[in-house]
Each structure stands twice: as C-alpha cells, then as structure tokens.
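Q: Please take a close look at the salt bridges in this model. Where do their partners sit, and what lies around them?

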Amino acid sequence: MIEDMDWNKMWTEAMENASWKKRRGDMTEFWDRRAKHYNESIKQNDRPAQIMSKLDIDSECSVLDIGAGPGTLTIPLAKIVKHVTVVEPSSGMLACLEENAANEGLENITCINKKWEDVHPGEDLGEYDVVIASYSLSMMDMAAAFLKMDTVAKRSVHLFTFAGDRMWDYTDLWPELYGEEYQAGPDFIYLYNILYQIGIQADVEISSTEHKQRFSNLEEAVEQWKENLNISTPEAGEVIRSHLTAKLIKEDGSLWSKNTMKSVSICWRK
Ligand SMILES: C[S@@+](CC[C@H](N)C(=O)[O-])C[C@H]1O[C@@H](n2cnc3c(N)ncnc32)[C@H](O)[C@@H]1O
C-alpha cells in the first residue's frame, strides 16, 4: 500500500545515495565556488521570467526566497513586490545577489546567511505572503522543511525543481570519470508524496524548458564542467573535453550547451 511507505525516509536515503552528494562534499562550499559562473549562466535563460509568471504576487506582498542563489528570482521579484527576504547559506551566492541588487538600485531585500534547517519561525523568520524555493530543495528532512515553509506562509508556497532526467549527461560521464555508475538524486515524485503524507495536497505542473549556456571557447566550457563535477585532474579534463567537443553547438562565434529539460512547479495555497 502506498500509505505504508515512508516517503520522507525514502527521500533521505535516496539523497544519501546520490552520486553528487557523495562526491561534492560540503554543498555550501560547492555553491561558493560555483557562484560567479552560476550568476552568469542564469542571465542566458528565460527561466526566471517563466517562473515569475506562475507566482501569485502584487506590489503589497512580502516574499520569502529559500536558497535564492545569486537572486535569480529575488531580483525580478524585488522590482514588483514590497519586500523579499532571502535565506541562503552560500556567502559567495549572497555576494553576487547583493551586487545584482545594488546594480538595480534595489533596497527592499533582507538576506539571512543560513541554511533553511537552521532558521526558526519567530526568531529569524516572520510571516510572508508567498514562500518560494527554486531548485534549492536539498534538505535531508524534507517533511520538516515543508512544515516550516507552511508555518511561515500566509498565502501560498511555490516549489520549482526538475522532473525526470537531469540535463547534465552525468549518466555517460560519471562511469568514465569515477569508474562507477551514476546514481541520480530523488525525483520530484518523492516531494509530492511527502507533501501528501503531511496533509498537503499540492497542485503540480510539468513543462519542458530549454536550458542554454554560452561559452567563449572550449577551454572555458571544460573548466566550468570540471568545477561543476568537482574534479580537477588532467585525465578528467580530457574525458570532459572529448564529451563537450561532440556536444557543444557553434553559433554566432560562441559555443553553446543547449538542453531541453522537464521542470516541475508544485504549489499549495493556504
Ligand atoms: C541551484 S541554486 C538555485 C538558485 C536559485 N533559487 C535559482 O532558482 O536559480 C541552489 C541554491 O540553494 C542553496 N541551498 C542549498 N541547500 C540549501 C538549504 N538547505 N537551505 C537554503 N538554501 C540552500 C544553495 O546555496 C544554492 O544557492
């Protein structure tokens, strides 16, 4: 029976067994290292605009952005809503966010440099009309994370993540780099079932999105993939170079990585 399954426990186990979790080590340090390149890559995609169109926001509302990164959504949100509060453990990401906010002249953003697990309603957190977590659901106890989101949300909670296979070709690259099969992390269906088991029947929408990334040359792409895969040996560089030579597309004097991915939007209203 599906009711007998403990989806939160299965999520934790699947997270612990995920290849990237085992190899990347401390994720906050990982995001600190990736922050600048991640900040550049989001500027080449229309994902922020697509997500913004799904949010129930207005000029009077307050928003909480969990795992905001360089402000992918925080920056466009802060131009519309009254106030945005950010919970983000990576100081590298926060430095990018603060620079992006300053460049746009935005002064209605408050940043909390902590993990979601380490903030507490009534202490660090108030209440917010809309709560968002976009591609940042890496908490091990997801039921506790969702319950905390529900506690601080006045109007709605919006989650955004992948559905199905990720776009990074790790299934092909991982065995060559590490001599072991790639084990993906848990898919969105765990999240939906965890919500169901804590009494939240959420709306779900799956859509196809194109993810694009531009590189000036092959070496720049190789360096970024090494950074993303957390591997720095010359042998790994060769494997990645040969993979990218076949994969990247030449266009307008640049090299592009273009992938279609399935993304999912999960939302519940109070
Ligand atoms: C892939 S980035 C997503 C950034 C942005 N939300 C977006 O949609 O582009 C993931 C971000 O989640 C943050 N993050 C990871 N685990 C977190 C946690 N437990 N609590 C809060 N943020 C977390 C990371 O530091 C990183 O900045």
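A: Arg155 is partly exposed, at 25% relative accessible area. The model is predicted, and this value is computed from it. The label follows because buried means under 20% and exposed means over 50%. Asp56 is partly exposed too, at 30%. These two side chains form a salt bridge, with the closest N and O atoms 3.7 Å apart. The partners come from distant parts of the chain. Asp56 sits in the loop between H4 and S1, while Arg155 belongs to strand S5. In sequence, 99 residues separate them.

How many salt bridges does a search of the whole structure find? The total is 16. Another one starts from the loop between H4 and S1. Here Lys54 pairs with Glu205, with 3.1 Å between the closest N and O atoms. Lys54 lies in that loop, between helix H4 (47-52) and strand S1 (62-66). Glu205 is in strand S6, and the two are 151 residues apart. Both ends are in the partly exposed class: Lys54 has a relative accessible area of 29%, and Glu205 has 42%.

A third pair joins two helices. Glu219 and Arg241 meet side chain to side chain at 2.9 Å, N to O. Glu219 is in helix H10 (residues 218-229) and Arg241 in helix H11 (residues 234-247), so this bridge ties together parts 22 residues apart in sequence. Glu219 is partly exposed at 38%. Arg241, at 22%, is also partly exposed, because the buried class requires under 20%.

Some bridges share partners. In this way Asp56, Asp58, Arg155 and Arg269 are joined into one network. Arg155 and Asp56 thus appear again, as members of that network.

Now look at what packs against the strands that carry some of these partners. Helix H9 (residues 188-197) has the buried residues Phe188, Leu191, Asn193, Ile194 and Leu195. They pack against strand S5 (153-162) and strand S6 (203-215). Arg155 is in S5, and Glu205 is in S6. The buried residues of H9 also pack against helix H1 (7-17), helix H7 (142-152) and strand S8 (254-269). After H9 comes Gly199, with a positive phi near 90°.

Charged side chains also take part elsewhere, at the ligand. Glu88 places a side-chain N or O atom 2.6 Å from a ligand oxygen. For Glu117, the partner is a ligand nitrogen, at 2.8 Å. Ser134 adds a polar side-chain atom 2.6 Å from a ligand oxygen. The protein buries 95% of the 600 Å² that the ligand exposes when taken alone. Around the ligand stand 19 residues, the closest being Tyr38, Arg47, Thr72, Glu88 and Ser134. By type, this shell divides into 8 nonpolar, 7 polar and 4 charged residues.

For contrast with the partly exposed bridge partners, take Thr85. Is Thr85 buried or exposed? Thr85 counts as buried, with 7% relative accessibility, because the cut-off for buried is under 20%. Thr85 belongs to strand S2 (residues 83-87). Beyond its sequence neighbours up to four places away, Thr85 touches Val63, Leu64, Asp65, Thr110, Ile112 and Tyr128.

How values were computed
Residues numbered from 1 in each chain as written. Predicted model: local features only at pLDDT ≥ 70, side-chain atom pairs only at ≥ 80, totals over all residues. Heavy atoms only, no water. Helix = DSSP H or I, 4+ residues; strand = E, 2+ residues; numbered from the N terminus. Buried < 20%, exposed > 50% of the residue type's maximum accessible area, 1.4 Å probe, protein only. Contact = heavy atoms within 4.5 Å. Near = heavy atom within 4 Å. Polar contact = N/O pair within 3.5 Å; in protein donor to acceptor, adjacent residues only side chain to side chain. Areas by Shrake-Rupley, 256 points an atom, 1.4 Å probe, with all protein chains shown as cover. Nonpolar A, V, L, I, M, F, W, Y, C, P; charged D, E, K, R; others polar. Salt bridge = Lys/Arg side-chain N within 4 Å of Asp/Glu carboxyl O.
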